[in-house]
Amino acid sequence: MTYSPATQDQLLAIRVNAGIEELAQSERFAAAEPDMVEAIVEGVGQFAAGEWAPLNRTGDLEGAKLENGVVRLPDGFEEAYKHYVEQGWNAIASPGEFGGQGLPFTLACNVLENLGTANMAFNLLPMLSVGAIEALEHHGSSELQQKYLPQLVSGAWSGTMNLTEPQAGSDVGALRTTAHPIEDGEHAGKWSIKGQKIYITWGEHELAENIIHLVLARTPNAPEGSRGISLFVVPKFHVKPDGSLGARNDLRCVSIEHKLGINASPTCVMSYGDNGECVGELVGAENRGLAAMFTMMNNARINVGNQGVQIGERATQQATDYAAERIQSARAGSGDKEPVAILEHPDVRRMILRMKALTEGMRALLYYTAGQTDRGTLGDEAAKARGDICVPLIKAWGTDAGTEVASLGIQVHGGMGYVEETGAAQHWRDSRIAPIYEGTNGIQAADLVTRKLGLDGGEALIGFLEGIARDCSDEPTLFALAGDCAGVARWMREEASLDDRLAGSVPFCTMMAVLVAGWQLVKQRDAVAQGAAPALAATKPVTVHFFLERIVPEAAGLKASAIAGADLLYSLESSALLA
């Protein structure tokens, strides 16, 4: 269960796929000089391996526990979080005026990658805080920003997002939590919040001094559905005018879920206003809450895709170590009949290489997406559109691939992988939530074939594909896949019904993600050939070749499913499916 940071591959992806040196030429990101980048990547890797990774197994075995309204974590978590705050890792990409370092989002992604590979459940705490910071930075008033952002940026306070209710899963417009204006008294001008939210990650804990909940609620006479939703900031403890903490707000954790994995992450049922005294403050305009929350969710979707990279890296490291140590049987193709490490057997080699190729492909896609997002921040609208297109790709394919890699890790271990004592099963159990939250992967694929397919009248996606095709003219499998993706996109725009598009959305999303990942891996391979990362000179060409020859053709084979239409899905009545 040891963890060695993938520093060299991360630096390669940050330089080649995110283009950090180009970003550093801008005034805003000028501090992202090579020495600074290396110091951050190496430093957070060492911190994660030294302080967060040792807590991963105890967090899984002991988990978070709710005792008399207080969430308790295993020994070591409080100290590790304290050191995380003291070393400033939470502030990497936050605005300087609130105590942040103002560095590119790309580097914040790297912080989360290392922390999450070390301890995925623990890493959900800062991941949600990063999203809360972004929502308040873009949509909060100056007063709210001054009140909440400095402590959120430092990590002294943590943040959450509160969308889901028992009757309203992905259909956020069906929520029932209410907000009524407070007209007099100490909190006049604020709002009285009442309702219950479920699946609130790190909704209650003792590691941060305060928890800042971002809560979706409906105001009086608001329009029905998602058009009538507002966003409120609801602190665990009231904040006094001088910034110090006051009395506890009227909110509580009712229970924490008993889950398949991420056991150290308290997934809370939160109740607001049991005594009619829960106070919140409006973020942005009334009835515009969903737009503000989507700022937070867009950030979170990239970071959830990052979790695919995290769990893939951790599972691959453990499986490779085990395969190198486990001696069993002679290699079938060898004249030597002495037993060898299972790493020498062809099928184990296949699995290990697949795990490595998928993980490196996810990482390449992650940092390309982050780099385009940073360019969008600098005002590059074309890059922003490319980043927007890539968000569902990294979230959906990244988490699906991460789960596949974790499953392969169990398979490499054989029967010992199915036994909890090796820890291999934990990676798969932890991974399985990622395709579900922040919008299920089916929702991500639907976003790709509706909103993202229509960006700039459809030209953004087609232009993106044409650019990839030009770049990949010397790579037959990628060039063909780019053409297949363009063909599917045109069919969906010009011929398919909405049902047809949605029926083919998941295979199309996979095709697109593998294409972009493969394209970015080729850029890595070429950079390594030119001396960019000498430590990867032996491995990178092989993993990229494996990706191009084994994984890209699989994606191309999905074209038939992508354009099959919806008729077959509805050829049976619902009652027949229940028979």
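Is Asn221 buried or exposed? In this predicted model, Asn221 counts as exposed, because its relative accessibility comes to 82%, and the cut-off for that label is over 50%. The residue sits in the loop between strand 6 and strand 7. Its backbone is a bit unusual too: Asn221 is not a glycine, yet its phi is positive, at about 65°. Most residues other than glycine have a negative phi.

Another loop offers a counterpart. Trp202 is found in the loop between strand 5 and strand 6, and its phi is also positive, near 50°, in a residue other than glycine. Here the surroundings are another matter: Trp202 has 0% relative accessibility, so it counts as buried. A positive phi turns up at a glycine as well, since Gly379, just after helix 10, takes a value of about 100°.

Both of those loops lead to or from strand 6, so that strand is a good place to go next. Strand 6 runs over residues 210–217, and eight of its eight residues are buried. What lies on each side of the strand? One side carries Asn210, Ile212, Leu214 and Leu216, while the other carries Ile211, His213, Val215 and Ala217, and all of these are buried, leaving both faces covered.

Strand 6 also has partners. With strand 3 (residues 157–162), strand 6 pairs in the parallel sense, over six bridges. As one example, Thr160 has His213 of strand 6 as its bridge partner. With strand 7 (residues 230–235), strand 6 pairs in the antiparallel sense, again over six bridges. In that pairing, Leu216 is matched with Leu231 in strand 7. His213 and Leu216, then, are buried residues of strand 6 that also take part in bridges, His213 with Thr160 and Leu216 with Leu231.

On the other side of the Trp202 loop comes strand 5, which covers residues 191–201. Which way does strand 5 run relative to strand 4, parallel or antiparallel? Strand 4 (residues 178–181) and strand 5 are antiparallel, and four bridges link them. Thr178 stands opposite Lys194 of strand 5 in this pairing. Strand 5 is joined to strand 11 (residues 267–272) by five bridges, and these two strands run antiparallel. There, Gln196 has Ser271 of strand 11 as its bridge partner. Strand 12 (residues 279–283) pairs with strand 5 as well, in the antiparallel sense and over two bridges. For Trp191, the partner in strand 12 is Gly280.

Now for the helices. Helix 7 takes in residues 120–139, and at 1.5 Å a residue its 20 residues should span 28 Å; the C-alpha atoms at its ends are 29 Å apart, so the two values agree. Helix 7 is mostly covered, with 16 of its 20 residues buried. How does helix 10 (residues 346–377) fare in the span check? Its 32 residues should span 46 Å at 1.5 Å a residue, and its end C-alpha atoms are 46 Å apart, which agrees. Helix 10 is mostly covered too, as 24 of its 32 residues are buried.

Helix packing brings in helix 9 (residues 289–325) and helix 11 (residues 381–413), whose axes come within 8 Å and cross at roughly 20°. Because of that angle, helix 9 is roughly parallel to helix 11, the limit for this being under 35 degrees. The crossing is left-handed. The residues of this contact are a mix of 12 nonpolar, 11 polar and three charged.

Helix 11 has another crossing, with helix 13 (residues 441–452): their axes come within 9 Å and cross at roughly 155°. Helix 11 is therefore roughly antiparallel to helix 13, since angles over 145 degrees count that way. This crossing is left-handed as well.

One residue of helix 9 rounds things off. Ala300 lies in that helix, and because its relative accessible area is 5%, Ala300 is buried. Ala300 and Lys82 are 218 residues apart along the chain, and their C-alpha atoms are separated by 23 Å.

Methods: Residues are numbered from 1 along each chain as its sequence is written. This is a predicted model: local features need pLDDT of at least 70, side-chain atom pairs count only at pLDDT 80 or more; totals for chains, interfaces and linings use all residues. Side-chain values use heavy atoms; hydrogens and water are left out. Two strands pair if DSSP finds at least two bridges between them. The expected span of a helix is 1.5 Å times one less than its number of residues. Buried means under 20% relative accessible area, exposed over 50%, partly exposed in between (1.4 Å probe, protein chains only). Axes are lines fitted to C-alpha atoms, for helices over the stretch in contact, and angles run from 0 to 180 degrees between N-to-C directions. Angles under 35 degrees count as roughly parallel, over 145 as roughly antiparallel, 65 to 115 as roughly perpendicular and the rest as oblique. A crossing is left-handed if the near helix is turned anticlockwise from the far one by less than a right angle, and right-handed if clockwise. Ala, Val, Leu, Ile, Met, Phe, Trp, Tyr, Cys and Pro count as nonpolar, Asp, Glu, Lys and Arg as charged, and the others, Gly among them, as polar.
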